[in-house]
Amino acid sequence: MSTMMEQSTQTAHSDASPPLLSLNGIHKAFGGIVAIEELSLDLHPGEIVALVGDNGAGKSTLVKIISGVHRPTAGTIRLEGRETSFADASAARAHGIEVVYQDLALADQQTVYMNMFLGRELTHGPLRLLDRRRMIKDTEALVQELDVRIPSVRATIRDLSGGQRQGVAIARATRWASKLVLLDEPTAALGVAETAKVEKLILALKARNIAILIISHSLDQVFRLSDRICVLRRGQQIGIRRTSETDKNETVSMITGLH
Amino acid sequence: MSITERGSQGARATTAEHETGRTKVSSVWSRLQLQNGIVYLGFIAIFIFFAVMLHDDGFLTTRNLTNIVLQTAPATIMAIGLVFALSAGEIDLSFGSTTAVAALCAAMAMQTMPALVGVFAGLGVGIAIGAFNGAMVAWLKLPSFLVTLATMGLFAGVARTLTDLRSIPVINDTFTGMFGSGDLFGVPSLVWWTIGAVAAGHIIFRHTPFGAHVLATGDNPRAAQVSGIKVPRIRFLVLTICGACAGLAGLLYAGRLQAAKYTLGESDLMIVIAAVIVGGTALNGGKGAIIGALVGSLLMGMLNNGLILMGLGVSDQMIVRGLIILLAVAISLRDINR
Ligand SMILES: Nc1ncnc2c1ncn2[C@@H]1O[C@H](COP(=O)(O)OP(=O)(O)OP(=O)(O)O)[C@@H](O)[C@H]1O
Ligand SMILES: [Mg+2]
């Protein structure tokens, strides 16, 4: 019965706009460990989908599959209707998919602006030398626009607080995303004010018609932000609910399996 | 439960945000590249010490000071390669042996063939050994410490068998002029090689995307990888650069000594590693300095020179040098890990 509901939740939305990303029958095993049993999910432009589930449910694994870090053991990924298989993370990035990883994936001893442009450094002249001045200027403008409070874009990541680092990682995703942003627990280390700021950033991405998949352990946040909620439990897809049509009690029982 | 736990973490993060004053200062420091200040201070202190102590022994003469620069040229070149390797989170222990093999190959080639062939032979052998190390590390995923420990021994053996422990004379004037006794505009060729290699190394390291990728790879390989940097390729290239630098160092040895022997580069391992670490390069990746390595290398050369002028015997020199290096490395690492 819950499968029926899932179907209807998926199709109901696809009527409005074609899905940007379509996951079908995704299965992932690491050797003998099955991280994801079977998962199907559509992501639409301008939509926020929350991925919830307890520790080890397989959430980060799904993010890494979408971003090209892991290859699914079975199942298909369609981007704008075309079946795709990203060879690595840069292939996904080339398609406008950005990720804020759980561990942030920042180079700690490098500066904020170098992290912002890591792997896509701006260069000038025939020798293609680093254009530090332009990278600094761009990063300063971005950080200001997004209200990420850091002492300087020349500061090294190691000298920033946990919240500031998270701000840098999100700013980087915002800077480069054109279609889809995957956020793996983006506010896990943040205080109340910083969390509110990050949520504002996420809503701004939504307003830019970017699709968003957010992993969060905070149900309050999930209900504040998301349009739909996808629940995973030990690699099983338990169901997808429209946020307006469910409540925390139901979500909690879906996550835990207790009634 | 996990949510309250995270809440308190967040609170810590917020208070840390107010400590921006301290961070501001340290960012200015890093901008001015004064983090390696210790090497410059050490250099000046030891220079003054020797200048006073050894004034009557000719330490301060132009001849002696030039000599220091000439003698450290091969070590400086090797140090440049090592900065790339260490910054990328790898290490090369084999550059000393590579230097000897490269010098021997160049010398052997020039017994019958022109200087240019010798140059290509020396550099080619260096690059080939470096590429071999790099391939083992990058694609067979073996730790560079073990790979280069093995090739260090392997090529030390090759250097011995190649010539039956004999030394090969280099009598090609073009070659010895270019890599040894010659000069250009009154400046010795070894100084030119040092300047050229340091300049090229510095520009590549500090001012190209490749240099940034080397640092990112050593800093956080996973972050580098998800940022689209081809991490194995970087690992391969830094070890190849080490080999190329060792090859060039071999040419400089052969040119200056007008001979090649299996012992060349043998005693450079400790000195070069010390020079690089003292110069502000992190042993575990993510941070490096080419100019710092040059100053570190000059410091080691000055130490060597000063201890000899002080009349210390070989074994006493080794003990004092070991102690000073230990002290210098301890001070500079404390600075880095702050
Ligand atoms: N590279 C890997 N190799 C082997 N097993 C893995 C790997 N990555 C994840 N797993 C396993 O897959 C399962 C799901 O892990 P995943 O990181 O996706 O969980 P998660 O839902 O993100 O949990 P959390 O909330 O703690 O972040 C776990 O059992 C984990 O041990
Ligand atoms: Mg996770």
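1. In this predicted model, an oxygen atom of ligand 1 sits 2.8 Å from a polar backbone atom of G56(A). Two side chains of chain A make comparable approaches to oxygen atoms of the ligand: a polar side-chain atom of Q102(A) is found 3.1 Å from an oxygen atom of ligand 1, and a polar side-chain atom of H217(A) is placed 3.0 Å from an oxygen atom of ligand 1. Considered by itself, ligand 1 exposes 640 Å², and the protein buries 64% of that area.

2. The surroundings of ligand 1 consist of 13 residues, and the closest of these are N55(A), G56(A), K59(A), S60(A) and T61(A). Helix α2 of chain A, which covers residues 59-66, contributes three residues, the largest share of the shell around the ligand. Sorted by class, the shell around ligand 1 holds seven polar residues, three nonpolar residues and three charged residues.

3. Turning to chain A as a whole, the chain contains nine helices and 12 strands. Its radius of gyration is 19 Å, which is close to the 18 Å given by the globule rule for 259 residues, so chain A is as compact as a globular protein of that length. Measured out along the principal axes, the C-alpha trace of chain A spans about 60 × 40 × 40 Å.

4. A separate point concerns the second largest pocket, which holds about 600 Å³ of space. Its lining is made up of 23 residues, and those nearest the centre of the pocket are Y253(B), S267(B), D268(B), I271(B) and N304(B).

5. Which helices of chain B each supply at least two residues of the lining of the second largest pocket? They are α4 (62-87), α12 (231-257), α13 (268-278), α14 (290-309) and α15 (314-336). By class, the residues that line this pocket divide into 10 nonpolar, nine polar and four charged.

Notes:
Residues numbered from 1 in each chain as written. Chains lettered and ligands numbered in written order. Predicted model: local features only at pLDDT ≥ 70, side-chain atom pairs only at ≥ 80, totals over all residues. Heavy atoms only, no water. 1 Å grid on protein atoms, 1.4 Å probe; cavity = no way out; pocket = protein on both sides within 12 Å on 5 of 7 lines; lining within 4 Å. Points joined across faces, edges and corners; volume = space filled by probe spheres on them. Helix = DSSP H or I, 4+ residues; strand = E, 2+ residues; numbered from the N terminus. Nonpolar A, V, L, I, M, F, W, Y, C, P; charged D, E, K, R; others polar. Near = heavy atom within 4 Å. Polar contact = N/O pair within 3.5 Å; in protein donor to acceptor, adjacent residues only side chain to side chain. Areas by Shrake-Rupley, 256 points an atom, 1.4 Å probe, with all protein chains shown as cover. Rg over C-alpha atoms; globule rule 2.2 N^0.38 Å.
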